[in-house]
Amino acid sequence: MDELRKNELQFSSKLQRLIYHKKETQVLKLLETAIQFDGGLFADDDAFFESRRVAWLLRINLLRKWGRFSEALAWTCLECELNPGNVSAIALKEQLKKQLNFNRKSKILKESKKSDSGWPGVAGMYELKAMFERDIILPLYEPEIYQKYKVPLPNGVLLYGPPGCGKTFIARKLAERLKYSFYEVKPSDIASIYIHGTQGKIKEIFTEAEKSAPSMIFFDELEALVPNRSGESLNHSYSSEVNEFLVQLNECAKKKILVVGATNLPEKIDPAILRPGRIDKKILVSPPDFEARAEAFKLFLKDRPLDTIDYTLLVEESENKTYAEIEFIVNEAARSALHDKVKISTACLYKAIHDNPFSSKR
């Protein structure tokens, strides 16, 4: 398993660099290699099959991003023929036909010149976006297809991973992508000094979301709101709040409410919350990839006095850094440049990266 994970990381790293440098042909060849790979020693490993499915989704999404919709549709139709039980592929085929203005009578395809990133403001993170497309967006865009195959619509999603990786940001962008009303809730927003006060506020949030459905409720620091009830230090009021959350969570999909939780500590969430039919989709939000780091540096450096900046070098040197860490690095470089009364340079930023290694434990 460790070897499989190592291979996945190497593949992902190489893929990110090729995408960033716009090497479309090489990107597609690399993805084709991953899709056709028989697994070798990992042939019976579920993680291998998942990585291959993600590679297939990446190929389709990148073709859409590059405006090559006819190619994307062709590959999707082939997948539907080879694997007729792949509901995601069937739903994606319908999406692509709509984007191409496919005419059933004349069988005419009208190629669009516009790219379909679907995620304005979200640079890179292609594997993450592919999983969102498959597990959340497609089922909500094409519910009839999923109902036909008796595949349940997503009720809740847990975003987990290290702090500072943009879980809140990606949740907001997901709501924009879906065109859902968005409610953001932090534990402090519903805290109450009164007995059962928090329970009442939880109910109010779900009631309001139902009125403006379709909607998304985003719960930040979910482990603080619904902690594991088996914990020795947990008092009765917390147990009551978890129970109320469970009551409201049940059958949210039928009310056109999508519940998204974010946490750095998934193991501290009450297990009942993560059971099937509740928040049963779990998506890892990792530190930004190659392209996302480049855009992060550009964003945090915007409107500052700059010398010539070698973004490729900075991105190479800042692998596994979070958005929060990149912002800190930029601020440290700016302080150094201000002290020396010079413009912010690549050298300033390079030094800040290596002077601030941060904790590997996060």
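**Figure 1. Helix α15 and the residue that follows it.** In this predicted model, Lys 341 comes after α15 and has a positive phi, near 55°. The helix itself covers residues 323-340, and its length can be checked with simple arithmetic. With 18 residues at 1.5 Å a residue, α15 should span 26 Å, and its end C-alpha atoms are indeed 26 Å apart, so the expected and computed values agree. Look next for the buried residues of this helix: they are Glu 325, Ile 326, Ile 329, Val 330, Ala 333, Ala 334 and Ala 337. These buried residues of α15 pack against two other helices, α13 (290-301) and α16 (346-355).

**Figure 2. The whole protein, for orientation.** Here is a step back before the next close-ups. The protein has 362 residues, of which 46% are buried. Its chain forms 16 helices and five strands. Among contacts with a separation of 6 or more, 73% join residues 24 or more positions apart.

**Figure 3. The open sheet of five strands.** Follow the strands across the sheet and you will meet them in the order β2-β3-β4-β1-β5, with parallel pairing. At the edges are β2 (181-185) and β5 (281-284), each of which pairs on one side only. From one strand to the next, the twist averages 20°.

**Figure 4. Strand β1 and its two partners.** How many residues of β1 are buried? Four of its five residues are, so the strand is largely enclosed by the rest of the structure. Strand β1 takes in residues 156-160 and pairs with β5 in the parallel sense over four bridges. With β4, the parallel pairing of β1 runs over five bridges. Tyr 160 is a handy landmark for seeing both pairings: Thr 263 stands opposite it in β4, while Leu 284 is its bridge partner in β5. Leu 158 of β1 also has a bridge partner in β5, namely Lys 282.

**Figure 5. Two helices lying across the sheet.** Helix α6 (residues 126-141) lies across three strands, β1, β4 (257-263) and β5, and runs at about 155° to β5. Helix α10 (residues 197-211) lies across β2, β3 (215-219) and β4, and its angle to β3 is about 155°.

**Figure 6. Pro 214, in the loop between α10 and β3.** After helix α10 and before strand β3, the connecting loop holds Pro 214. Is this proline buried, exposed or partly exposed? Pro 214 has a relative accessible area of 32%, so it counts as partly exposed, because the partly exposed class lies between under 20% for buried and over 50% for exposed. Beyond its neighbours within four places in sequence, Pro 214 is in contact with Tyr 180, Ser 181 and Lys 256. Another residue to find in this view is Lys 179: it is 35 residues from Pro 214 along the chain, and their C-alpha atoms are separated by 8.2 Å.

**Figure 7. Helix α3 and the glycine just after it.** Helix α3 (residues 46-65) offers another length check: its 20 residues, at 1.5 Å a residue, should span 28 Å, and the end C-alpha atoms are 28 Å apart, which agrees. Buried residues of α3 include Phe 48 and an unbroken run that begins with Val 54, Ala 55 and Trp 56 and ends with Leu 63 and Arg 64. Just after the helix, Gly 67 takes a positive phi of about 80°.

**Figure 8. The second largest pocket.** This pocket holds about 400 Å³ of space. Its lining has 16 residues, and those closest to the centre are Ile 35, Arg 52, Trp 56, Glu 79 and Asn 83. Which helix gives the most to the lining of this pocket? It is α3, with six residues. At least two lining residues come from each of α2 (24-36), α3 and α4 (69-82). Trp 56 links this view to the previous one, as a buried residue of α3 that is also among those closest to the pocket centre.

**Figure 9. The largest cavity.** A search of the whole structure finds one cavity of 30 Å³ or more. The space in the largest cavity is about 30 Å³. Its lining is made by Leu 15, Gln 16, Ile 19, Tyr 126, Glu 127 and Asp 289. Two elements, α1 (2-20) and α6, give two or more residues to this lining. Helix α1 gives the most, with three residues.

How values were computed: Residues numbered from 1 in each chain as written. Predicted model: local features only at pLDDT ≥ 70, side-chain atom pairs only at ≥ 80, totals over all residues. Heavy atoms only, no water. Pairing = 2+ DSSP bridges. Axes fitted to C-alpha atoms, helices over the stretch in contact; angles between N-to-C directions. Contact = heavy atoms within 4.5 Å. Expected span 1.5 Å × (residues − 1). Buried < 20%, exposed > 50% of the residue type's maximum accessible area, 1.4 Å probe, protein only. 1 Å grid on protein atoms, 1.4 Å probe; cavity = no way out; pocket = protein on both sides within 12 Å on 5 of 7 lines; lining within 4 Å. Points joined across faces, edges and corners; volume = space filled by probe spheres on them.
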